[in-house]
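I am opening this notebook to record, entry by entry, what I looked up in the structure shown below. I begin with a single helix and work outward from there.

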Amino acid sequence: MNTPHTIFIQNASLNGNAIDLYIEGNTIRRITPHLKTATTHQTTAEHHIDAKGMSIYPAFYNMHNHAAMTLLRGFADDLPLMEWLEQHIWPAEATFTDEHIRIGVQLACLEMIKSGTVCFNDMYWKEEIALPVVHAMGLRGALGVLFIDSQPDEEREKSFDLLENFSRQNSRVTLSVAPHAIYSVGEKLLRRCADTARRLNMKLHIHLCETQGEVDNCLKTHGCTPVAYLEKLGFLGNDVIAAHVVHVTDEDIRLLADRKVAIAHCPVSNMKLASGIAPIQKMLDAGCHVVLGTDGCSSNNNLDMREEMKIAALLGKVSSGPQALSANQVLHMATCAGAETFGLNAGEIAEGKVADLLLVRNNEASMTPMFNSQSNWVYAANSSLIDTVICDGQILMQGRKIEKEEEILEEAKEISARIAHATR
């Protein structure tokens, strides 16, 4: 969608107050009480949005994802993690071509835009295929180049070459270094990944403490927990995004807080794979930096961050009491905390912030009454109420319309039929 340089949003509801908002370039320049008479910004803006009947919220940052795995949505459900991976997902992924990656990432980007996500932290193979797709769709992304010990040497070196030669001309989409997990990546490769990421000023993205089995095996092999093991290797730091982090000790939590590791909480995936309940309130109380992610579509089975917020809040209350994980806390995890992880001046609706925002229809039964705007958004709404998505000052969706949506869906349906045939 071609996006104007200046946007004027009129009569949006922000925390229950009617406001007008002016975007110039990628920045929110002015927020003022709504005026019924025309203002200079309204008459000079290149694009005008009448937001009557809509609330404005910060957009979502999905901090753990495997975008191309949208093609495996519902492919192998209701199985334990390792059986699910080793007997179903990995064999299916072995049939993937560059075309699979391109179409799967397109479908993921479409779904994320429709559900309000403007930035995602990915981990998958052939991220060089994904990169131009994400850029074309207008999203932000940190695309994790995946490493495991069982990679052929030639492929591993090609992945490191990709990282070394990456050009940062497009500031919205970048690469990160993504060793899969401690059970699939040995000490030598973990150290090389960390060294490479820090030399190139890239993020490190890893699965950590997802299952009790992972912890038990680490205790048996290394005599310590996975968190302590990574600490011994010098791996932990404020450039690390650790996904899941379900089975941790109090000392692990202290280490993660001290090292300022970003913990990507994925409650739906953790529940679906019966991995366990992460002690998120305890982590927050200890000063950990907690963000929110969906995981991939094959273990969620969607990329809906609004749904993830509600389930994160409810699961936190089941384990830690009714006051745990308030609506404001999980909204912060899904928005501002994710932006902070990537050093973005975003995640809030405020003057001077980057314009990453959503317009959400509030004149709906599920949003009425509105005693508390944040509470309604977390507990009562659904993502189909999102009318407009703006990322970096660019309109990605308005009136729930996205360019080439039908073509993307048709391609995804066609290639999923081929996956089903190939894996019979």
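Which residues of helix α9 (residues 250-258) are buried? Keeping in mind that this is a predicted model, I looked up the helix and found that Asp252, Ile253, Leu255, Leu256 and Ala257 are buried. I then asked what covers these buried residues of α9, and the elements I noted include β10 (204-208), α8 (226-232), β12 (262-265) and α11 (280-285). Just past the end of α9, I also noted that Lys260 adopts a positive phi of about 60 degrees.

**Entry: the cores**

Next I turned to the largest nonpolar core, which has 124 residues, and within which Leu230 and Trp377 touch the most other members. Helix α3 (residues 98-114) is the element that gives the most to this core, contributing nine residues. For Leu230 I listed the partners, setting aside residues up to four places away in sequence, and these are Ile182, Leu190, Ile206, Leu208, Phe235 and Leu236. There is also a second core, separate from the other and made of 19 residues, with Leu14, Leu21, Ile23 and Ile31 among them. As background I wrote down that in soluble globular proteins nonpolar side chains tend to be buried together.

**Entry: α3 against α4**

How are α3 and helix α4 (residues 127-137) packed, in angle and in distance between axes? The angle is about 30 degrees and the axes lie 9 Å apart. Because angles under 35 degrees count as roughly parallel, α3 is roughly parallel to α4. The crossing in which α3 passes α4 is right-handed. On the α3 side, I found the contact made by Asp98, Ile101, Arg102, Val105, Gln106, Cys109, Leu110 and Ile113, while α4 supplies Ile129, Ala130, Val133, Val134 and Met137. Sorting the residues of this contact by character, I obtained 10 nonpolar, one polar and two charged.

**Entry: Leu344**

Where does Leu344 sit? I located Leu344 in the loop between α14 (336-341) and β14 (357-361). I then asked whether to list Leu344 as buried, exposed or partly exposed; its relative accessibility is 25%, and therefore Leu344 counts as partly exposed. Apart from neighbours within four places in sequence, the contacts of Leu344 are with Tyr61, Arg140 and Ala339. Finally, I recorded that Leu344 and Val354, which are 10 residues apart along the chain, have their C-alpha atoms separated by 7.8 Å.

Methods: Residues are numbered from 1 along each chain as its sequence is written. This is a predicted model: local features need pLDDT of at least 70, side-chain atom pairs count only at pLDDT 80 or more; totals for chains, interfaces and linings use all residues. Side-chain values use heavy atoms; hydrogens and water are left out. A nonpolar core is a set of buried Ala, Val, Leu, Ile, Met, Phe, Trp, Tyr and Cys residues joined through side-chain atoms within 4.5 Å. Buried means under 20% relative accessible area, exposed over 50%, partly exposed in between (1.4 Å probe, protein chains only). Helices (H or I, at least four residues) and strands (E, at least two) are DSSP runs, numbered from the N terminus. Contact means heavy atoms within 4.5 Å. Axes are lines fitted to C-alpha atoms, for helices over the stretch in contact, and angles run from 0 to 180 degrees between N-to-C directions. Angles under 35 degrees count as roughly parallel, over 145 as roughly antiparallel, 65 to 115 as roughly perpendicular and the rest as oblique. A crossing is left-handed if the near helix is turned anticlockwise from the far one by less than a right angle, and right-handed if clockwise. Ala, Val, Leu, Ile, Met, Phe, Trp, Tyr, Cys and Pro count as nonpolar, Asp, Glu, Lys and Arg as charged, and the others, Gly among them, as polar.
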